[in-house]
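This briefing walks through one protein model, topic by topic. Keep the sequence and the structure in view while reading.

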Amino acid sequence: MLSAKRKLPIYLVIAISFAFTAYFFVSPFLSSSNQDGLTPPINQSPDSISTLASDIDSCISSPTSDCDQEMLQIKKYCVGNKDPNASICSDVRVQEYIDNRGLERPIINTGG
């Protein structure tokens, strides 16, 4: 059996390894700055994306499931923020797209 003096370094190595592992997984969420530029900030306004109008145009001409998600996100942003300066919120094509694709229909449980 190992003595208490020999167990201490083993426990110390395990604790340090756990701390580094936890830091590795938690550190991206702790930083408030977006350094890599690959992911948009969480509270990004739809108007700050320069290609949004062309995205709407392409979604209307060829709808996809990605377009469905984008249009629902735009509507959710406009309903939640009520920003009077957001020109995208006055674009009626977003609601027309949602209506035409039936994205806001209630889900009916058939019990099957």
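Helices here are DSSP runs of H or I with at least four residues, numbered from the N terminus. By that definition, Asn-100 is found in helix H4. The model is predicted. The protein has 4 helices and 0 strands, and the order of its elements from the N terminus is α-α-α-α.

**The chain as a whole**

- Of the 112 residues in the protein, 14% are buried.
- The protein exposes about 9,300 Å², and carbon and sulfur atoms supply 61% of that area.
- Taking contacts between residues at least 6 apart in sequence, 54% join residues at least 24 apart.

**The largest nonpolar core**

- The largest nonpolar core has 13 residues. Those that touch the most other members are Ile-56, Met-71, Ile-74, Ile-88 and Val-94.
- Three elements give two or more residues to this core: helix H2 (52–61), helix H3 (65–81) and helix H4 (92–101).
- Which of them gives the largest share of this core? The largest share comes from H3, with 5 residues.
- Leaving aside residues up to four places away in sequence, Ile-74 touches Leu-52, Ile-56, Ile-88 and Val-94.

**Helix H3**

- The 17 residues of H3 should span 24 Å at 1.5 Å a residue. The C-alpha atoms at its ends are 24 Å apart, so the model agrees with the expected span.
- Which residues of H3 are buried? They are Cys-67, Asp-68, Met-71, Ile-74, Tyr-77 and Cys-78.
- An α-helix has 3.6 residues a turn, so residues three or four places apart point the same way.
- The buried residues of H3 pack against H2 and H4.

**Disulfides**

- How many disulfides does the structure hold? The structure holds 2 disulfides.
- Numbering the bonded cysteines in sequence order gives the pairing 1-2, 3-4.
- One disulfide joins Cys-59 to Cys-67, with an S to S distance of 2.1 Å. The torsion about this S-S bond is about -85°, so the disulfide is left-handed. Both Cys-59 and Cys-67 are buried.
- Another disulfide joins Cys-78 to Cys-89, with an S to S distance of 2.0 Å. The link of Cys-78 and Cys-89 is left-handed, with -90° about the S-S bond.
- This pair links distant parts of the chain. Cys-78 is in helix H3 and Cys-89 is in the loop between H3 and H4, 11 residues apart.
- Are Cys-78 and Cys-89 buried or partly exposed? Cys-78 has a relative accessible area of 16%, under the 20% cut-off, so Cys-78 is buried. Cys-89 has a relative accessible area of 29%, which lies between 20% and 50%, so Cys-89 is partly exposed.

**An aromatic pair**

- The count of aromatic pairs comes to 1.
- The pair is formed by Phe-24 and Phe-25, with 5.2 Å centre to centre and 80° between the planes. Planes over 60 degrees apart count as edge-to-face, so this pair is edge-to-face.
- Phe-24 has a relative accessible area of 58%, which is over 50%, so Phe-24 is exposed.
- Phe-25 is exposed as well, with a relative accessible area of 56%.

**Helix H4 and the segment after it**

- Asn-100, in helix H4, has a relative accessible area of 67%. Exposed means over 50%, so Asn-100 is exposed.
- Asn-100 and Ile-60 are 40 residues apart in sequence, and their C-alpha atoms are 9.9 Å apart in space.
- Gly-102 lies in the segment after H4. With 18% relative accessibility, under the 20% cut-off, Gly-102 counts as buried.
- Along the chain, Gly-102 and Asp-68 are 34 residues apart. A distance of 9.7 Å separates the C-alpha atoms of Gly-102 and Asp-68. Asp-68 is one of the buried residues of H3.

Note on methods
Residues numbered from 1 in each chain as written. Predicted model: local features only at pLDDT ≥ 70, side-chain atom pairs only at ≥ 80, totals over all residues. Heavy atoms only, no water. Core = buried A, V, L, I, M, F, W, Y, C linked by side-chain atoms within 4.5 Å. Buried < 20%, exposed > 50% of the residue type's maximum accessible area, 1.4 Å probe, protein only. Contact = heavy atoms within 4.5 Å. Phe/Tyr/Trp six-rings, centres within 6.5 Å; stacked < 30°, edge-to-face > 60°. Disulfide = S-S within 2.5 Å. Areas by Shrake-Rupley, 256 points an atom, 1.4 Å probe, with all protein chains shown as cover. Expected span 1.5 Å × (residues − 1).
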